[in-house]
Amino acid sequence: MTDEKYTVTDLDTDELHGEFDTLAEARGCVRYDKLAAYSIWRGGVRVECCEPYYGDDDRAKQGLGLPNASEGN
């Protein structure tokens, strides 16, 4: 069995938030530190990643027949 740790990285700041024995502990760190964008790695393999999209998605508006953000109101 390997003793590699799970590492949590804040993708907004590239700050390492710690190393953990289990995935559950790593996810607990994400919740505790209220990370909006993060990745969890183990042994050079990305196990989990959350990169929210904060932009204005004009494709969804076009599909609904609404004006794009660039078109104004």
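These legends accompany close-up views of a predicted model of one protein chain.

**View 1. The whole chain has two helices and four strands.**
Start at the N terminus and follow the chain. The elements run β-β-α-β-β-α. The chain has 73 residues, and buried residues make up 22% of them. About 5500 Å² of the chain is exposed. Carbon and sulfur atoms supply 49% of that area. Now take the contacts with a separation of 6 or more. Of these, 34% join residues 24 or more positions apart.

**View 2. Four strands form an open sheet.**
The order across the sheet is β2-β1-β3-β4. The pairing is antiparallel. Strands of a sheet pair through backbone hydrogen bonds, either parallel or antiparallel. Which strands stand at the edges? They are β2 and β4. Each edge strand has a single partner, so one side of each is left without a neighbour in the sheet. Neighbouring strands are turned by 20° against each other on average, direction ignored.

**View 3. Strands β1 and β3 run antiparallel.**
Five bridges join β1 to β3. One residue pair to find here is Thr-9 and its bridge partner in β3, Ser-39. Thr-7 also lies in strand β1. Is Thr-7 buried or exposed? Its relative accessibility is 17%, and Thr-7 counts as buried; the cut-off for buried is under 20%. Leave out residues up to four places away in sequence, and Thr-7 touches Leu-16, Gly-18, Glu-19, Ser-39, Ile-40 and Trp-41.

**View 4. Strands β3 and β4 make a hairpin.**
Strand β3 covers residues 38–42. Strand β4 covers residues 45–50. The two strands pair in the antiparallel sense over five bridges. Arg-42 stands opposite Val-45 in β4. Two residues sit between the strands of this hairpin. Look for Gly-43, which takes a positive phi near 60°.

**View 5. Cys-49 and Tyr-38 are in contact.**
Cys-49 has its place in strand β4. At 31% relative accessibility, Cys-49 counts as partly exposed. Along the chain, Cys-49 and Tyr-38 are 11 residues apart. Their C-alpha atoms are separated by 5.8 Å. Set aside neighbours within four places in sequence. Cys-49 is then in contact with Leu-11, Tyr-38 and Ser-39. With its own neighbours within four places left aside, Tyr-38 is in contact with Thr-9, Leu-11, Val-30, Glu-48, Cys-49 and Cys-50.

**View 6. The largest nonpolar core has nine residues.**
Which residues build this core? They are Tyr-6, Val-8, Phe-20, Ala-26, Cys-29, Val-30, Leu-35, Tyr-38 and Ile-40. The elements that give two or more residues to the core are β1, α1 and β3. Helix α1 gives the most, with three residues. Tyr-38, met in the previous view, belongs to this core. Tyr-38 is also in contact with another core member, Val-30.

**View 7. Lys-5 forms a salt bridge with Asp-21.**
How many salt bridges does the structure hold? It holds two. Side chains of opposite charge can pair when their charged atoms come close. In this pair, the closest N and O atoms are 2.4 Å apart. Lys-5 lies in the segment before β1 (6–10). Asp-21 lies in the loop between β2 (15–20) and α1 (23–32). The two residues are 16 apart in sequence, so the salt bridge ties together separate parts of the chain. Lys-5 is partly exposed, with a relative accessible area of 35%.

**View 8. Glu-48 forms a salt bridge with Arg-27.**
The closest N and O atoms of this pair are 2.6 Å apart. The pair links distant parts of the chain. Glu-48 is in strand β4, and Arg-27 is in helix α1. They are 21 residues apart. Which of these partners is buried, and which is partly exposed? Glu-48 counts as buried, at 18% relative accessibility. Arg-27 is partly exposed, with a relative accessible area of 35%. Glu-48 also appears among the contacts of Tyr-38.

Notes:
Residues numbered from 1 in each chain as written. Predicted model: local features only at pLDDT ≥ 70, side-chain atom pairs only at ≥ 80, totals over all residues. Heavy atoms only, no water. Salt bridge = Lys/Arg side-chain N within 4 Å of Asp/Glu carboxyl O. Buried < 20%, exposed > 50% of the residue type's maximum accessible area, 1.4 Å probe, protein only. Contact = heavy atoms within 4.5 Å. Areas by Shrake-Rupley, 256 points an atom, 1.4 Å probe, with all protein chains shown as cover. Pairing = 2+ DSSP bridges. Core = buried A, V, L, I, M, F, W, Y, C linked by side-chain atoms within 4.5 Å. Axes fitted to C-alpha atoms, helices over the stretch in contact; angles between N-to-C directions.
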